[in-house]
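Colleague: I have a model open and would like to talk it through with you. Can you take me from the overall fold down to single residues?

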Amino acid sequence: MRNVRRIAVIMVLGWALPSLVSAGDLIPTPEFADHAIPVSIPPVPEDMSWEWINVLLLIGALGLASYFALVNRSRRSLFLLAIASLIWFGFVRDGCVCPIGATQNVAYALTDSGYAIPATVVLLFALPLVFTLFFGRTFCAAVCPLGAIQEVVAVRSVRVPTWVDHALGMIPYVYLGAAVIFAVSGTAFVICRYDPFVAIFRMSGDVNMLVFGACLLFLGLFVGRPYCRYLCPYGAILGVLSKVSKWHAKIAPENCIQCRLCEDACPYGAIQEPALPLAPQAKPAARRRLAGMLLLAPVLIAVGIGLGMSLAVPLSRMDPDVRLAEQIRWEETGQVTEMTDASEAFRGTGQPVSELYEMAVQRRARFRTLGGWLGAWTGLVIGLKLVTLSIRRKRTDYLPDRSRCVSCGRCYRYCPGEQVRLGLIRDVSEMVPEAKDARLTA
């Protein structure tokens with residue numbers, strides 16, 4: 001009888017709801033206790049004007065960062081702007097939507113015409129790219145909240161060995177490829193799912209990501225910006241564009257005197273030392289090494305395709321429907337005895353299991369193709385890195401590596417030329433006694 005009464009109440013409410021919805025409470029709250037009855041209030045959608053305000057503030061912050069890095073050359077101003085960006089784009093806006101995560105939205109929109117991407121998200125993704133083409137990675141310098149939170153804790157950084165830095169520096173490109181294939185397949189936005197700092201910005205979230213973010217910040221005390229250098233997929237795009245930027249932050253305002261103070265000041269290993277031309281007897285070996293790397297690149301791409309296609313099964317497990325199909329299969333074959341919430345809900349729908357299996361097979365086949373593309377991309381990244389390392393370019397001064405330099409301005413005040421420009425010293429020899437002799441030698 002109790003079940004019958006429940007069904008009757010539900011039927012009455014379903015019939016009377018259209019006329020009662022505007023009349024306040026559907027059922028009077030019984031006064032049987034002092035306990036406050038919780039009231040369900042639907043969330044109010046955020047006013048879109050805030051999204052446009054976000055875009056305008058992003059433009060303003062990018063403009064200020066570019067001015068502070070290239071014209072004003074003020075490390076202090078860049079740091080204060082980074083703090084402001086951390087507060088607004090990080091803690092106030094909860095770190096979302098950010099240009100880094102918007103990479104997935106744009107990739108998905110390019111492959112699915114049914115996905116409506118807001119104009120504000122497109123602008124958030126594109127604006128830092130445009131500024132990078134003109135001014136270098138000033139977005140990373142003082143606008144990105146993920147970079148800003150690491151910049152704050154980078155107080156005692158150690159120098160990472162060059163070979164380790166180059167090896168780990170390929171990970172963001174591979175991560176970018178993986179994020180794109182998962183986005184275009186509609187599987188997951190992995191950049192957002194595994195963002196290490198969003199949980200910190202929101203002061204809540206998955207415990208594992210909170211721990212991961214805290215560990216990265218602790219590592220950032222000793223290794224400058226570990227996420228930016230070795231994980232950030234958006235930084236990989238910015239690094240490529242920064243190589244061809246029209247303007248870029250300079251270490252010395254005029255002439256480099258090769259005092260090496262900037263090299264010691266940079267916590268990110270982003271300063272290239274002078275490189276003399278190869279001796280005539282060493283050039284044949286260098287040419288053979290470069291030719292070998294050029295021949296190896298297609299092999300690496302082919303191997304990557306094969307490995308990527310072979311990883312179709314583990315890659316497809318990121319898809320919730322594929323995981324559900326595996327769970328149902330294990331339950332039917334007796335490999336597991338307990339149902340999960342997802343499998344129990346599926347069985348409650350009455351959908352034939354054969355349809356779920358067929359969908360899983362199709363998605364796994366698609367991941368075989370996408371895995372091949374990811375493998376080809378990974379092989380290309382490794383091949384280009386080996387080719388790049390085999391090319392020796394002549395440099396007479398200490399210069400920022402455009403792809404890795406984040407225009408943070410830490411090296412400015414360490415440069416004797418900058419001290420002269422600011423009027424703090426009259427001659428470089430006052431700061432570095434041997435600087436004048438070094439300049440004459442150079």
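Modeller: What follows goes from the whole chain to the core, one helix and the cysteines.
This is a predicted model, in which local features need pLDDT of at least 70 and side-chain atom pairs count only at pLDDT 80 or more, while totals for chains, interfaces and linings use all residues. Residues are numbered from 1 along each chain as its sequence is written, and side-chain values use heavy atoms, with hydrogens and water left out.

Colleague: How many helices and strands are there in the protein?

Modeller: The protein has 22 helices and two strands, taken as DSSP runs numbered from the N terminus (helices are H or I with at least four residues, strands are E with at least two).

Colleague: And what share of the residues is buried?

Modeller: Of the 442 residues, 40% are buried, where buried means under 20% relative accessible area, exposed over 50% and partly exposed in between, with a 1.4 Å probe and protein chains only.

Colleague: Which residues touch the most other members of the largest nonpolar core?

Modeller: That core has 72 residues, and those touching the most other members are Leu58, Ile100, Phe139, Val143, Phe182, Phe197 and Tyr234; a nonpolar core is a set of buried Ala, Val, Leu, Ile, Met, Phe, Trp, Tyr and Cys residues joined through side-chain atoms within 4.5 Å. Helix H2 (residues 48-72) gives the largest share of this core, seven residues.

Colleague: What does Phe182 touch?

Modeller: Leaving aside residues up to four places away in sequence, Phe182 touches Thr187, Ala188, Val190, Leu315, Met318 and Phe367, a contact being heavy atoms within 4.5 Å.

Colleague: Is helix H9 mostly covered or exposed?

Modeller: H9 is mostly covered, with ten of its 14 residues buried, and Phe182 is among those buried residues, as are Tyr175, Leu176 and Ile181. H9 covers residues 171-184 and reaches 20 Å from its first C-alpha to its last, close to the 20 Å expected at 1.5 Å a residue, the expected span being 1.5 Å times one less than the number of residues. After H9 comes Gly186, with a positive phi near 70 degrees.

Colleague: Switching to cysteines, how many disulfides does the structure hold?

Modeller: The structure holds zero disulfides, a disulfide being a pair of cysteine sulfur atoms within 2.5 Å.

Colleague: Why is there no bond from Cys232 to Cys228?

Modeller: The closest cysteine sulfur to that of Cys232 is in Cys228, and because the two are 6.0 Å apart, they are too far for a bond. Cys232 is buried, at 7% relative accessibility.

Colleague: And Cys259, which cysteine sulfur is nearest?

Modeller: The nearest is that of Cys415, 6.0 Å away, and Cys259 is in no disulfide; Cys259 is partly exposed, with a relative accessible area of 22%.
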